[in-house]
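This report describes how parts of a protein chain pack together and where empty space is left between them. The sequence and structure are shown first.

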Amino acid sequence: MTRLPLSLACWNYDRTQALADGTVRPEGIDLNLQVLEVEETFFRMLRHREFDAAEMSLSSYCVSLARPDPAFIAIPVFPSRMFRHGCIFVSACSGIEKPQDLVGKRIGVPEYQMTAPVWIRGVLADEYGVDPASVTYFTGGEEEPGREEKLKLDLPERFRVHPIGPTQTLSQMLADGEIDALYTARIPSTFYTRPDAVRRLFPEFVSAEQDYFRRTGLFPIMHVVAIRRAVYAANRWVARSLFKAFAEAQARVYEELRVTASLKTMLPWQVAAVEQAVDLFGPDWWPYGVERNRAVLDTFLRYHHEQGLSPRRLAVEELFAGECLEQFRI
């Protein structure tokens, strides 16, 4: 029986390994999974639509939905989630000691529309009263010069966003004090090479993130899986097929991480980390689907609109293929 050939670009996560090695095969699909760094996947999918489906920045996906002819439709699979308190870095000469000190400062972001900075700006606003429009943003490559926004933005005037110079990098600018702070997804190299010049705003970031979750119940979502709308329109069933396959691949990891006969990862205290995650989040600590994630998605959509990235506040249901919004029952 003929199966639909489908290309998928995604990073090499434990939760996608069974798809990559063929242990899990989506129903009716011959999957050509290309393992790529997330920045490359996002760039190639958003600029050139090179894949049938791909991991995608949640923020970039939401920006794309405001285009006259949206190119993608997502399924509620979240390959990347991460708390971001630990991803706020400050220059030692900035005078920044607490979140409120960020007001009026020069803030680096590789791209204004990146998901990680959207979450960081939102959390800083909600938790510490730092208005996203109270700082000046500088965009560009973190480690390599010449990075640009992948998607053209039309921001309200209250947001001041400027590109850095053609030979500059945010990592070096932070260490040299040319910017005061950096909101980012990747740890800047100067955090390691210039520890006297670059530090975290939240040195005890794990405690801060755990406290944030206990109070809010929000585990930030970074990425979704997006399908080209032309592929989806011609084969509506692929949304549910891919969703089921991702969920099955993830379920295998939950089981493997609990094995104590030998460790799945090189983390010495893997079992303790799993038990801690279950204690804090519950046994399904990385949920897929809409309902378990409605609050975190709705919070992100509020941030996205408040920060000028979406012209109106999107509804959660607008993000995903309708086939993944409900489940048959027996």
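In this predicted model, L58, S59, C62 and V63 of helix α3 are in contact with L297, F300, L301 and H304 of helix α11. Six of the residues in this contact are nonpolar, two are polar and none is charged. Helix α3 covers residues 58–65 and helix α11 covers residues 294–306; their axes come within 11 Å and cross at roughly 65°. The crossing of α3 past α11 is right-handed.

The next topic is a sheet. Strands of a sheet pair through backbone hydrogen bonds, and the pairing is either parallel or antiparallel. Here five strands make an open sheet with mixed pairing, in the order β2-β1-β3-β11-β4. The edges are taken by β2 (29–35) and β4 (72–75); each has a single partner strand, so one side of each has no neighbour in the sheet. On average, and with direction ignored, neighbouring strands of this sheet are turned by 35° against each other.

At one end of that order, β4 pairs with strand β11 (residues 223–228) in the antiparallel sense, over four bridges. In this pair, A74 stands opposite A226 in β11. Helix α2 (residues 38–48) packs on the sheet and touches β1 (4–10), β3 (53–57), β4 and β11. The direction of α2 makes about 110° with that of β3.

What remains is the empty space. Rolling a probe the size of a water molecule over the atoms shows where such space is left. The count comes to one cavity of 30 Å³ or more. The table sets out two spaces, a pocket and a cavity.

| Space | Volume | Element giving the most to the lining | Nonpolar, polar and charged lining residues |
|---|---|---|---|
| Second largest pocket | about 320 Å³ | β8 (residues 160–163), three residues | ten, seven and five |
| Largest cavity | about 80 Å³ | α4 (residues 115–128), five residues | ten, one and one |

Which residues are closest to the centre of the second largest pocket? They are T139, E148, E149, H162 and P163, out of 22 residues that line this pocket. Its lining includes five charged residues.

The largest cavity is lined by F83, R84, H85, I88, W119, I120, V123, L124, Y128, F202, Y212 and P220. Ten of these lining residues are nonpolar, one is polar and one is charged. Helix α4 gives the most to this lining, with five residues.

Key: Residues numbered from 1 in each chain as written. Predicted model: local features only at pLDDT ≥ 70, side-chain atom pairs only at ≥ 80, totals over all residues. Heavy atoms only, no water. Axes fitted to C-alpha atoms, helices over the stretch in contact; angles between N-to-C directions. Helix = DSSP H or I, 4+ residues; strand = E, 2+ residues; numbered from the N terminus. Left-handed = near helix turned anticlockwise from the far one by under 90°. Contact = heavy atoms within 4.5 Å. Nonpolar A, V, L, I, M, F, W, Y, C, P; charged D, E, K, R; others polar. Pairing = 2+ DSSP bridges. 1 Å grid on protein atoms, 1.4 Å probe; cavity = no way out; pocket = protein on both sides within 12 Å on 5 of 7 lines; lining within 4 Å. Points joined across faces, edges and corners; volume = space filled by probe spheres on them.
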